[in-house]
Amino acid sequence: MSDQSTPTTDSGGPDDSGRSSSSDSSGSTGSTGSSANGGGELIGQIAASIRRERERSGLSMAELARRAGIAKSTLSQLESGAGNPSVETLWALGVALNVPFSRLVDPPRPAVKVIRAGEGPATHSERADYAATVLSSCPPNARRDIYRIEAQPGETRASDPHMPGTVEHVLIGAGRALVGPTEAPVELGPGDYVSYPGDTPHVFRALAPDTLAVIVMEHI
C-alpha cells in the first residue's frame with residue numbers, strides 16, 4: 001500500500017471529523033501522551049515533525065495555521081514543543097500539510113522495533129475516551145499485505161529471506177510467540193508489536209496454544 005497524500009479515516013485510526021475550537025482560543029491543544037517514553041519526548045518529536053513538514057511544504061506559520069483552522073499562537077506553541085496537541089489538532093495539521101497523520105507522530109524506524117502493549121506514541125481525543133497509537137507509518141511508494149496468523153506450539157516456522165527491502169510487522173492478538181530475525185527473535189505477548197527486516201532469515205514460533213497474530217508484509 002502506498003503512502004497516501006491525504007489522510008483518510010478508517011475504523012482502526014483516529015477520527016478526522018472535526019477539530020476543537022476551545023484549544024485554539026486557550027492556546028492549549030489537548031492531550032498527547034506516551035506511557036513508555038513520557039509526554040515530553042513525544043511532544044518534542046511532534047514539534048520537530050510539524051516544523052519539518054511545514055518547511056518542506058514552503059508554508060509560513062500563519063498560512064499553515066489558517067489552512068488547519070487553528071490559531072497561529074497555537075501552532076507556534078506546538079512547533080516550540082510547548083503545546084500538547086490532540087488527535088483532532090494533529091489531524092487538521094496533517095490535512096493542511098498534505099501528509100498522513102502518522103508522519104507527525106511516528107519516529108524514524110530502526111531495523112528492529114518492539115512496542116509492548118501499553119507503550120508507544122499515543123494521542124488522545126478531546127471528545128471521547130479514545131486513544132490512537134501509531135505502530136508504524138507506511139513509507140512512500142510501499143505496498144503492504146496483511147495476514148492473520150493462527151499457530152500452535154511445536155515446530156518453528158522458519159522463513160527464508162523475501163525480496164530485498166521487505167519489512168515485516170507483527171502484532172500479537174492472543175497467546176505468545178517468538179518472532180523476528182533468526183539470530184535474535186523477540187518474545188511477544190498480547191498487544192506487543194515488532195518490526196524487522198523481512199529480507200533476512202526470520203522465524204515465528206508459537207509458545208502458547210491458539211496463538212493469534214497479524215503480520216503485515218511491507219514491500220518497497
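This report walks through two sheets, a nonpolar core and a few single residues.

The model is predicted, so local features need pLDDT of at least 70 and side-chain atom pairs count only at pLDDT 80 or more, while totals for chains, interfaces and linings use all residues. Residues are numbered from 1 along each chain as its sequence is written, and side-chain values use heavy atoms, with hydrogens and water left out.

Let's start with the core. The largest nonpolar core has 22 residues, and the ones with the most contacts inside it are Ile 50, Leu 64, Leu 93 and Leu 104. Such a core is a set of buried Ala, Val, Leu, Ile, Met, Phe, Trp, Tyr and Cys residues joined through side-chain atoms within 4.5 Å. Buried here means under 20% relative accessible area, exposed means over 50%, and partly exposed is in between (1.4 Å probe, protein chains only). Helices H2 (39-57), H3 (61-68), H4 (72-80) and H5 (87-97) each supply at least two residues of this core. H5 gives the largest share, seven residues. Helices (H or I, at least four residues) and strands (E, at least two) are DSSP runs, numbered from the N terminus.

Now for the sheets. One is an open sheet of five strands, in the order S2-S10-S7-S12-S5, with antiparallel pairing. Two strands count as paired if DSSP finds at least two bridges between them. S2 (113-115) and S5 (143-151) sit at the edges, each pairing on one side only. Neighbouring strands in this sheet are turned by 15° against each other on average, direction ignored; axes are lines fitted to C-alpha atoms, for helices over the stretch in contact, and angles run from 0 to 180 degrees between N-to-C directions.

The other open sheet has four strands in the order S6-S11-S8-S9, again with antiparallel pairing. Its edge strands are S6 (157-159) and S9 (186-188), each pairing on one side only. Here the twist averages 15° from one strand to the next.

Here are some of the strand pairs, each with one set of facing residues.

| Strand pair | Bridges | Facing residues |
|---|---|---|
| S7 and S10 | five bridges | Glu 168 and Tyr 196 |
| S7 and S12 | seven bridges | Ile 172 and Ala 213 |
| S5 and S12 | nine bridges | Ile 149 and Ala 213 |
| S8 and S9 | three bridges | Val 179 and Val 186 |

Ala 213 of S12 turns up twice: it is the bridge partner of Ile 172, and Ile 149 stands opposite Ala 213 too. Seven of the nine residues of S12 are buried, so this strand is largely enclosed by the rest of the structure.

Val 214 also has its place in S12 (residues 211-219), but it is partly exposed, with a relative accessible area of 34%. Together with Ile 146 and Leu 171, Val 214 makes a nonpolar surface patch of about 250 Å². Patches are made of residues with over 30% relative accessible area and no salt bridge, where like charges are joined within 9 Å and nonpolar side chains (Val, Leu, Ile, Met, Phe, Trp, Tyr) within 5 Å. A salt bridge is a side-chain nitrogen of Lys or Arg within 4 Å of a carboxyl oxygen of Asp or Glu. Accessible areas come from the Shrake-Rupley method with a 1.4 Å probe, and for residues only the protein chains shown count as cover.

Finally, look at Glu 119, which lies in the loop between S2 and S3 (122-124). Glu 119 counts as partly exposed, at 33% relative accessibility. Glu 119 and Tyr 193 are 74 residues apart in sequence and 9.7 Å apart in space, C-alpha to C-alpha.
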